[in-house]
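Subject: Structure handover

Hi there,

I promised to pass this structure on to you, so here it is. My notes follow underneath; have a look at the model first if you like.

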Amino acid sequence: MENAMFCYQCQETAGCTGCTKVGVCGKKPETARMQDLLIYTSKGLSEVTTRLRKEGKEIESDVDFLITLNLFTTITNANFDDDVFYDRVKMTLKVKNDLLNKLTNKENLSEAALWTSEDENEFDKKAMTVGVLATENEDVRSLRELITYGLKGMSAYVKHANALGFNDVSVNAFMQETLAKLLDNTLTADELVALTMETGKFGVNGMALLDKANTTTYGNPEITKVNIGVGTNPGILVSGHDLKDLEALLIQTEGTGVDVYTHSEMLPAHYYPHLKKYKHLVGNYGNAWWKQKEEFESFNGPILMTTNCIVPPKDSYKDRLFTTGAAGYPGCKHFEGFSGDKKDFSEIIELAKKCPAPTEIETGSIIGGFAHEQVFALADKVIDAVKSGAIKKFFVMAGCDGRAKSRNYYTEFAQALPKDAVILTAGCAKYKYNKLDLGDIGGIPRVLDAGQCNDSYSLALIALKLKEVFGLDDVNELPIAYNIAWYEQKAVIVLLSLLYLGVKNIHLGPTLPAFLSPNVAKVLVDTFGIAGIGTVEDDLKIFLG
Ligand code: SF4
Ligand code: SF3
């Protein structure tokens, strides 16, 4: 019997093989199919833009933004709204048809570049034939999806940078050229492996672009103590990763008596000088994304989701849940607009004024802000600690958090680390250990939080800096181990970027991706020493040699 859907892009995929009836994340089959069609039509459009570029014709930034946002909306837990996907497919086809008219050489275009329809029933039929399983060879399928998920992750960086007015046309052109190559049935598995590495290279460029956008706009993150308790004013909770949306809300709430709290991946906003200056940005509420059903309920006020991760909301707070940007949920109001500064959030602010203040769920504070410049400022201290043996090893434990019980491994691992080990983190994976009292080493906290998953670039820069300072030839000679937790596709691009930078022996958990075929997994194991996780005890033995 034919599957109603097929998706295996995230770590929580059903049975570690694929969601075929409904997504573990709550994604419905119709939504999954429209996402497949959006990816297919985006590939078709990308083939046309790539050919136009080869003919020396310029592609307008709006077309780049459209393709980037198409990819981003299909990231796990970003958007559950079918209407959004139908509309984006229609828009993509329209733009593609217009661009086809500008193309001189129309020979041998793929079916994806030529297919078009205005009939939604046709969309559904087509969607059934263009999903992941349309590629029959399991190794080619595996590599194509590995690259696609890497590009989805990259699209997130690019979209956030674009929202701040930063753009890199070479990254856009690469994403589109690569999407087009994924339609090419003549590419061999070896060529796709090479393309995977090139995706990692552009992943680094995409991260660098976002880093520049964030630090130019908001200053370099600095060590900051963030309150995790609550005040007495009503509040708005901002989640997701888009700093520009948060800034817009901070500006619009100033002087209204409404406080703003960050949630999950928005926590690192507190580390930026130009965001922390707002006195009514009072703290961080709750934990990683997957606990939101309880935490959004007890927050009492409106919640703004600027990107992933949305958990299908309970009725008790659905009318206080709002989305913007790539995020969407049927029945929840969506704020349109490309960049935060163009959005009018007065409806949320008025609603907040009528809501009770958040219910306190914890008290105290957490420390973060250890992005590259802040760590470089502490370099002497860090280097002395390494030289004296006070710090023996760094553990990069970046990535995502998730529901799986097996992820308690990361809490236990952090607790079991020797006292001379320091954790370098980024992403919502940190919530597994950022509230433990792990102490410090000569004033250097044992958990150094660089920021969001999008800020994993900082961890790469820190490693490269240490390599330079210690005069090493190879980044793998450093006393740094990588024990990364993944969930969605931004972790895929982080992984590919690290591989491109030459990092070996990365441990990836809590399970290896279902989209890696045995042969592709073998290439990763043999070439890069990628491994899964075992027990805390066994893994510590491996890591500590
Ligand atoms: Fe399943 Fe993950 Fe896809 Fe959701 S995103 S349908 S949980 S594989
Ligand atoms: Fe988390 Fe969704 Fe990936 Fe940004 S919020 S790290 S999972």
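To start with a small puzzle: is H507 buried or exposed? With a relative accessible area of 7%, H507 is buried. Please keep in mind throughout that this is a predicted model. H507 belongs to strand β15, which covers residues 507-509. Setting aside neighbours within four places in sequence, H507 is in contact with Y482, N483, I484, A531, G532, I542 and F543. Q415 sits 92 residues away from H507 along the chain, and 18 Å separate their C-alpha atoms. A little further on, the peptide bond from G509 to P510 is cis, with omega near 5 degrees. P510 itself is in the loop between β15 and α19 (518-528).

Next, the overall layout. The domain assignment splits the chain into domain 1 (14-217), domain 2 (224-353) and domain 3 (378-544). Taken over C-alpha atoms, the centres of domain 2 and domain 3 are 29 Å apart. Between these two, 20 residues of domain 2 are in contact with 19 residues of domain 3.

The part I expect you will want to open first is the surroundings of ligand 2. Which residues are around ligand 2? They are H241, E265, W289, N308, C309, G399, C400, C428, C453, Y487 and E488. By type, this shell divides into six nonpolar, three polar and two charged residues. Domain 2 and domain 3 each supply at least three residues to the shell.

There is a UniProt record to set beside this. Its unreviewed entry lists H241, E265, C309, C400, C428, C453, E488 and K490 under "binding site". These positions are spread over 250 residues of sequence, yet they cluster in space, with a largest C-alpha distance of 13.6 Å. Here is what I have on some of them:

- C400: the unreviewed UniProt entry also annotates C400 as "modified residue: Cysteine persulfide". C400 lies in the loop between β9 (393-396) and α16 (408-416). Its relative accessibility is 4%, so C400 counts as buried. Not counting residues up to four places away in sequence, C400 touches R407, C428, A429, A485, W486, Y487, E488 and A491.
- C428: this residue is in the loop between β10 (421-425) and β11 (440-441). C428 is buried, at a relative accessible area of 6%. Its contacts, leaving aside neighbours within four places in sequence, are S264, E265, A288, W289, G399, C400 and D401.
- K490: helix α18 (residues 489-500) holds this one. K490 counts as buried because its relative accessibility is 1%. Apart from its neighbours within four places in sequence, K490 is in contact with I75, G153, A156, Y157, H241, N308, C453 and N454.
- C309: the loop between β5 (303-305) and α12 (315-318) contains C309. The peptide bond leading from N308 to C309 is cis, with omega near 10 degrees. If you set up any calculation around ligand 2, note that N308 and C309 both appear among the residues around it.

Now for the start of the chain. Helix α1 (residues 29-54) has 26 residues and reaches 37 Å from its first C-alpha to its last, close to the 38 Å expected at 1.5 Å a residue. How many residues of α1 are buried? The count is 23 of the 26, so α1 is largely enclosed by the rest of the structure. Just after α1, G56 has a positive phi of about 80 degrees.

Two asparagines also take a positive phi. N77 has a value of about 65 degrees although it is not a glycine, and N108 has about 55 degrees, again without being a glycine. N77 is in the loop between α2 (61-73) and α3 (82-100), while N108 is in the loop between α3 and α4 (111-114). Their surroundings contrast: N77 is buried, with a relative accessible area of 3%, whereas N108 is exposed, with 73%.

That is everything I have for now. Happy to talk it over whenever suits you.

Best wishes

Conventions
Residues are numbered from 1 along each chain as its sequence is written. Chains are lettered from A and ligands numbered from 1 in the order in which they are written. This is a predicted model: local features need pLDDT of at least 70, side-chain atom pairs count only at pLDDT 80 or more; totals for chains, interfaces and linings use all residues. Side-chain values use heavy atoms; hydrogens and water are left out. UniProt positions are given in the numbering used here, feature names are shortened, and annotations may be inferred rather than shown by experiment. Helices (H or I, at least four residues) and strands (E, at least two) are DSSP runs, numbered from the N terminus. Buried means under 20% relative accessible area, exposed over 50%, partly exposed in between (1.4 Å probe, protein chains only). Contact means heavy atoms within 4.5 Å. The expected span of a helix is 1.5 Å times one less than its number of residues. A residue is near a molecule or strand if one of its heavy atoms lies within 4 Å of it. Ala, Val, Leu, Ile, Met, Phe, Trp, Tyr, Cys and Pro count as nonpolar, Asp, Glu, Lys and Arg as charged, and the others, Gly among them, as polar. Domain bounds come from an automatic or database domain assignment.
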